[in-house]
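Grab a pencil and have the viewer open beside you. Below are some short exercises, each followed by a worked solution.

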Amino acid sequence: MNSGIKREEKQMIIEMENVYLIRHEKTIISNINWKVEKGEHTTILGMNGAGKTTLLNLVCGYLYPTKGTIKVFDKQFGTYPLGELRKDIGWVSSSLIEKMKHQPRSTALQVVLSGKFASIGLYEKPCHSDVEKATNILEQLGIAHLRNQSFEMMSQGEKQRVLIGRALMASPKLLILDEPCAGLDFLSKEKLLNIINQLATYHQTTIIYVTHQIDEILPICTNTLLVKDGFIFSKGKTKDLLTSETMSNFCNTPVIVSHQHNRFHLEVSISR
C-alpha cells in the first residue's frame with residue numbers, strides 16, 4: 001500500500017568502489033570501498049605513511065585509480081571534468097602553508113578572499129558582498145582581529161584558521177582538513193579543534209578530518225575510517241569503532257581507549 005510519503009533520497013558526497021592504485025607494480029591503495037553521505041562528517045585515522053593523503057588525492061582527482069570507480073557529488077570520474085568537481089572541494093593541508101610563503105604580506109582578509117578565486121594571492125578585485133562574507137568568516141573563526149595582519153606574522157594556529165577561512169570562502173560541498181593540528185602547541189590545538197567542531201553549525205559543508213591522533217577526533221565526526229598500509233582496516237560509527245579491542249588490533253599493540261568529555265584518549269597497555 002502506498003502511504004503517499006516520499007522518502008528523501010540520500011545525497012552522496014563520496015562513493016568509492018573496489019578502488020586500487022598501482023604504481024610500478026606496487027599496490028599503494030588496495031580495494032577501497034567507501035561512501036560518505038552529505039552532512040556525514042568523517043574522520044580518517046591512520047599512522048604516518050598509511051595512505052591517508054593518497055586517498056585524498058584520489059578523492060580530489062589528482063590521482064586516478066588503476067582499478068575501480070570513484071564518484072564525487074554523484075559525478076563519476078571519467079565522465080565529468082575533474083576541475084569542475086574540485087571547485088566544490090576545500091582542502092586545507094600543510095602544503096598550502098608552504099605555498100603561502102610566496103605571499104607573506106597578504107593579510108588575513110586577502111587570504112580568505114582569495115579562496116573565491118582559488119588563487120594563491122589576491123589578483124582580482126572582490127565585490128562588497130565578497131568582503132562582507134570574508135569578514136563574517138573571520139568572525140566565525142575567531143580571528144576578526146587578524147583582518148589586516150600579514151600572513152607571515154601569524155602564529156601556526158592563526159595561519160591554519162585563516163586557511164580554513166579561505167577554503168570556506170568558496171562555500172565548498174566538501175571540506176577536507178588534512179592534519180590541521182600538526183605543529184600546534186596544546187593550547188592552539190584545542191582552540192582550533194573547538195573552532196572546527198563549530199563549523200558544522202555555520203556552514204553547509206561535509207567535513208573530512210584527517211589525523212593520526214585519536215584525541216583529535218571531534219564529536220561532529222560520527223563516522224571513522226581506519227586506514228592502514230593502503231587499505232581500509234575498518235570503518236563505521238566512531239563510537240562503535242574506537243574501542244580498546246579494535247584499536248589494539250589496528251595498532252598491533254595492546255592499547256586502552258577511553259572516552260571522556262566527548263573526546264577519545266588512547267594509552268598503551270603495559271603488562272606487569
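**Exercise 1.** Which residue in β8 is the bridge partner of Leu177?

*Solution.* Before starting, note that this is a predicted model: local features need pLDDT of at least 70, side-chain atom pairs count only at pLDDT 80 or more, and totals for chains, interfaces and linings use all residues. Residues are numbered from 1 along each chain as its sequence is written, and side-chain values use heavy atoms, with hydrogens and water left out.

Step 1: sort out the names. Helices (H or I, at least four residues) and strands (E, at least two) are DSSP runs, numbered from the N terminus.
Step 2: look at how the strands run. β7 and β8 are parallel, joined by five bridges; two strands pair if DSSP finds at least two bridges between them.
Step 3: find Leu177's partner in β8, and you land on Tyr209.

**Exercise 2.** Work out the strand order of the sheet with six strands, and find its edges.

*Solution.* Step 1: read across the open sheet, and you get β6-β7-β8-β3-β9-β10, with mixed pairing.
Step 2: check the ends. β6 and β10 (231-237) are the edge strands, each pairing on one side only.
Step 3: add the twist, which averages 15° from one strand to the next. For angles, axes are lines fitted to C-alpha atoms (for helices over the stretch in contact), and angles run from 0 to 180 degrees between N-to-C directions.
Step 4: see what packs on this sheet. α7 touches β7 and β8, and its direction makes about 155° with that of β8. Contact here means heavy atoms within 4.5 Å.

**Exercise 3.** Find the residues with the most contacts inside the largest nonpolar core.

*Solution.* Step 1: get the term straight. A nonpolar core is a set of buried Ala, Val, Leu, Ile, Met, Phe, Trp, Tyr and Cys residues joined through side-chain atoms within 4.5 Å. Buried means under 20% relative accessible area, exposed over 50%, and partly exposed in between (1.4 Å probe, protein chains only).
Step 2: pick out the residues. The largest core has 37 residues, and Val162, Leu163, Ile164, Leu175 and Leu177 have the most contacts inside it.
Step 3: see who contributes. Among the elements giving two or more residues to this core are α6, β7 and α7 (186-202).
Step 4: don't miss the second, separate core: it has 31 residues, including Val19 and Phe73.
Step 5: zoom in on our friend from the start. Leaving aside neighbours within four places in sequence, Leu177 is in contact with Val92, Ile164, Ile196, Ile207, Ile208, Tyr209 and Val210.

**Exercise 4.** Why is α6 called largely enclosed, and what span should α6 have?

*Solution.* Step 1: count. 11 of the 13 residues of α6 are buried, so the helix is largely enclosed by the rest of the structure. Gly157, Lys159 and Arg161 are among the buried ones.
Step 2: look around. The buried residues of α6 pack against β6 (89-92), α3, α4, α5, β7 and α7.
Step 3: test the length. The expected span of a helix is 1.5 Å times one less than its number of residues. That gives 18 Å for α6, and its end C-alpha atoms are 19 Å apart, which agrees.

**Exercise 5.** Describe the sheet with four strands and its hairpin.

*Solution.* Step 1: the order in this open sheet is β2-β1-β4-β5, with antiparallel pairing.
Step 2: β2 (26-37) and β5 (75-76) stand at the edges with a single partner strand each, so one side of each lacks a neighbour in the sheet.
Step 3: count bridges. Eight join β1 to β2, while five link β1 with β4 (residues 67-72). Examples of bridge partners are Arg23 with Lys26 in β2, and Met16 with Ile70 in β4.
Step 4: inspect the turn. The β1 and β2 hairpin has two residues between its strands, and His24 in the turn has a positive phi of about 55°.
Step 5: look inside β1 (residues 12-23), where Asn18 sits. Asn18 is not a glycine, yet its phi is positive, about 50°. At 36% relative accessibility, Asn18 is partly exposed.
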